[in-house]
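Trainee: I would like to learn how to read a protein structure feature by feature. Could you take me through one slowly?

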Amino acid sequence: MNGAQALLQTLADAGIEVCFTNPGTSEMHFVAALDGEPRMRAVLALFEGVATGAADGYARMADKPAATLLHLGCGLGNGLANLHNARKGKVPVVNIVGDHATFHTRHDAQLQSDIETVARNVSPGFVRTSTSSARLCQDAVDAVHAALGPPGQVATLILPADVSWGEGAQPCRPLERPAAPATDDSAVQAIARALRSGGRSALLLGGQALREPGLLAAARIAAHSRVKLLAEVFPTRLTRGAGLPAVERIAYLAEMAGVQLAGIEHLVLIDAKAPVSFFAYPGKPSYLVPDSCTVHTLAAPDQDAVASLDRLAAALGAGQARAPLQAAARPDRPRGPLTAPKVCKAVGHLLPEGAILIDEAITSGLMLGAMTAGCPRHDLITLTGGAIGQGLPNAVGAAIACPDRPVVALIGDGTAMYTVQALWTMAREGLHVVSVVFNNASYSVLNVELERVGAQQIGAKARAQFDLAGPQLNFAQLAQGMGVHAVRAGTAEDFSKALEYALATPGPHLIEALVPESLSGVRRRVLPWLLRSLPSLPRPVAQALKRRIAP
Ligand SMILES: Cc1ncc(C[n+]2csc(CCOP(=O)(O)OP(=O)(O)O)c2C)c(N)n1
Ligand SMILES: [Mg+2]
């Protein structure tokens, strides 16, 4: 067996079933070995950011890693942003990067670069260059083990071409997946005492705590001990909808997060970080936890979030408490000229049971949470690392992980252009993905941010950096050019009809929603002023305002 053949067998033995590829010459032996391993599906992506984002979306839904196959430092660099999003989401990825043969590197050939330095940025916990065919499979087993965690992470295995083609390689058996321990009793008791002390308290749920078992345990505690339930701003995967406990996400805008956290005296973290502002702004705090609030960690990312919540519930006597559940409700069918909120309304009206909803709609998705809250149970995937271009590739991976579940991906027009090649992979693999692109002809959010940072003078050259109006992008044509059925919609009626058809017809679809910017004109100018005034308003007024702007 050569290295590549043994590597593929080792990966398949470890339960890895899919490899998202964008290969080159240094990966040819790996490519050649694919036909000898029937358990491995190989999915070609036409840009590395699609391959890495697909691996991320796959693992979020399959709860196990996929592999990537990337071409040296440059291919890895092209895929970096979505590996970054995976890292921030604690998502397992086995990231395989081909390299020149070991004897070739000293010649500094054209594609030679420092791969390990690039990789360390996104896989700080595991970067290894395999140095011999005999060692390769042990290296692969270690990489899979590292990727699984807990917590999940990106593990990068660098595969020199001669290690891949060298003979005498031996497949290795996978290592046991270690169980995450629950928090010990004394830590649980200390948190229970804090929650009983009478001060205002909140549980902040992230990561593993945002699936059904964690949500139910947390909601029992919340109901019993009158504790607020919060979720991190950008969940890796949040299970939600009718019949599940509803949880309020921390707002993206720091001023609004400040309103949500005001007055809280005990904040309990469960697989989540204490909230910080997405960006720094002149004169505004970065750390959003109020000075008078004590932060407790019930479960760190390497601990068992659900078992820890169960222990806390037991310590509080909340084990039998009734968790309030979200009632079933859908918005009406929208009518008239199309706007972003009406797209969200139509999605809420039609979203099927078991859908995988991907939100990378940026400003156009402000109403999505409210409009889909009472929909049948679904999973929501969000932009964990803030590096745009995640959603369409995630949709590829999620659809491959869950072929029986419809995937609905809501994407901004600027965002869609980063990894638009994902559409081609959707068509080639016949994936049932409905991509909705909000064509508002703008990097709209950056117009808002320009006002928020307090820029004094905003000239035409500055505005032009956020303006996508000329030439007008036509996403329906772009999608059709990649083999995806696509239509444009300018009215709510047309949009709903297109969505109904797309949901009922297997295969990939794109609906281009022609919408005005959600935040423009007076609303955009008033927003920074409103945000500045929030901290000085009485708490109930600030809370009501927050709910109006970002429900
Ligand atoms: C990798 C990466 N590059 C650039 C940015 C900065 N950025 C944030 S949002 C955005 C534009 C989003 O535009 P669009 O998808 O059209 O959404 P809209 O603001 O119009 O709602 C950009 C360029 C980023 N977050 N990540
Ligand atoms: Mg836009």
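Trainee: In which helix do Arg 135 and Asp 139 lie, and how many residues apart are they?

Mentor: Before I answer, please keep in mind that what we are looking at is a predicted model. Arg 135 and Asp 139 both belong to helix H7, where they are four residues apart, about one turn of the helix. Their side chains meet in a salt bridge, with 2.9 Å from N to O.

Trainee: Are Arg 135 and Asp 139 buried or exposed?

Mentor: The general idea is to look at the relative accessible area, where a residue under 20% is called buried, one over 50% exposed, and one in between partly exposed. Arg 135 counts as partly exposed because its relative accessibility is 40%, whereas Asp 139 is buried, since its relative accessible area is 3%.

Trainee: Which residue forms a salt bridge with Glu 212, and which parts of the chain does the pair tie together?

Mentor: Here the thing to read is where each partner sits along the chain. Glu 212 forms a salt bridge with Arg 377, and their closest N and O atoms are 2.8 Å apart. Because Glu 212 lies in helix H10 and Arg 377 in the loop between helix H14 (368-372) and strand S14 (378-382), the pair ties together parts that are 165 residues apart in sequence. Both partners are partly exposed, Glu 212 with a relative accessible area of 28% and Arg 377 at 30% relative accessibility. Elsewhere, salt bridges that share partners join Asp 63, Arg 211, Arg 237, Asp 379 and Arg 405 into one network.

Trainee: How many salt bridges does a search of the whole structure find?

Mentor: The search finds 23 of them. Another one to look at is the salt bridge in which the side chains of Asp 13 and Arg 173 meet, at 3.6 Å from N to O. This pair links distant parts of the chain, for Asp 13 is in helix H1 (residues 3-13) and Arg 173 is in the loop between helix H8 (161-165) and helix H9 (185-196), 160 residues apart. Arg 173 counts as exposed, because its relative accessibility is 60%.

Trainee: What is the nearest side chain of opposite charge to the buried Asp 359, and how far away is it?

Mentor: To read such a case, compare the distance with the salt-bridge cut-off, which is 4 Å between the side-chain nitrogen and the carboxyl oxygen. The nearest side chain of opposite charge is that of Arg 249, which is 4.8 Å away, and Asp 359 has no salt bridge although it is buried. Asp 359 is found in strand S13 (residues 356-360), and a polar atom of its side chain lies 3.0 Å from the backbone nitrogen of Ala 361.

Trainee: Now I would like to read the backbone. What is phi of Arg 226 near?

Mentor: As a general guide, most residues other than glycine have a negative phi, and most peptide bonds are trans. Phi of Arg 226 is near 50°, a positive value in a residue other than glycine, and Arg 226 has its place in the loop between helix H10 (212-225) and strand S8 (228-231). Ala 441, which is not a glycine either, has a positive phi of about 55°. The peptide bond from Pro 150 to Pro 151 is cis, with omega near -5°, and Pro 151 is in the loop between helix H7 (133-148) and strand S6 (154-160). The bond from Gly 470 to Pro 471 is also cis, with omega near -5°.

Trainee: Finally, which residues come nearest to ligand 1?

Mentor: A useful order is to begin with the surrounding residues and then look at individual contacts. Of the 18 residues around ligand 1, those that come nearest are Thr 363, Asp 413, Thr 415, Ser 442 and Val 445. A polar side-chain atom of Thr 415 lies 2.6 Å from an oxygen atom of the ligand, while a backbone N or O atom of Gly 386 lies 2.9 Å from a nitrogen atom of ligand 1. The protein covers 79% of the 590 Å² of accessible area that ligand 1 has on its own. By class, the shell has eight nonpolar, nine polar and one charged residues.

Definitions and conventions:
Residues numbered from 1 in each chain as written. Chains lettered and ligands numbered in written order. Predicted model: local features only at pLDDT ≥ 70, side-chain atom pairs only at ≥ 80, totals over all residues. Heavy atoms only, no water. Near = heavy atom within 4 Å. Polar contact = N/O pair within 3.5 Å; in protein donor to acceptor, adjacent residues only side chain to side chain. Areas by Shrake-Rupley, 256 points an atom, 1.4 Å probe, with all protein chains shown as cover. Nonpolar A, V, L, I, M, F, W, Y, C, P; charged D, E, K, R; others polar. Helix = DSSP H or I, 4+ residues; strand = E, 2+ residues; numbered from the N terminus. Buried < 20%, exposed > 50% of the residue type's maximum accessible area, 1.4 Å probe, protein only. Lys, Arg positive; Asp, Glu negative; His and termini not counted.
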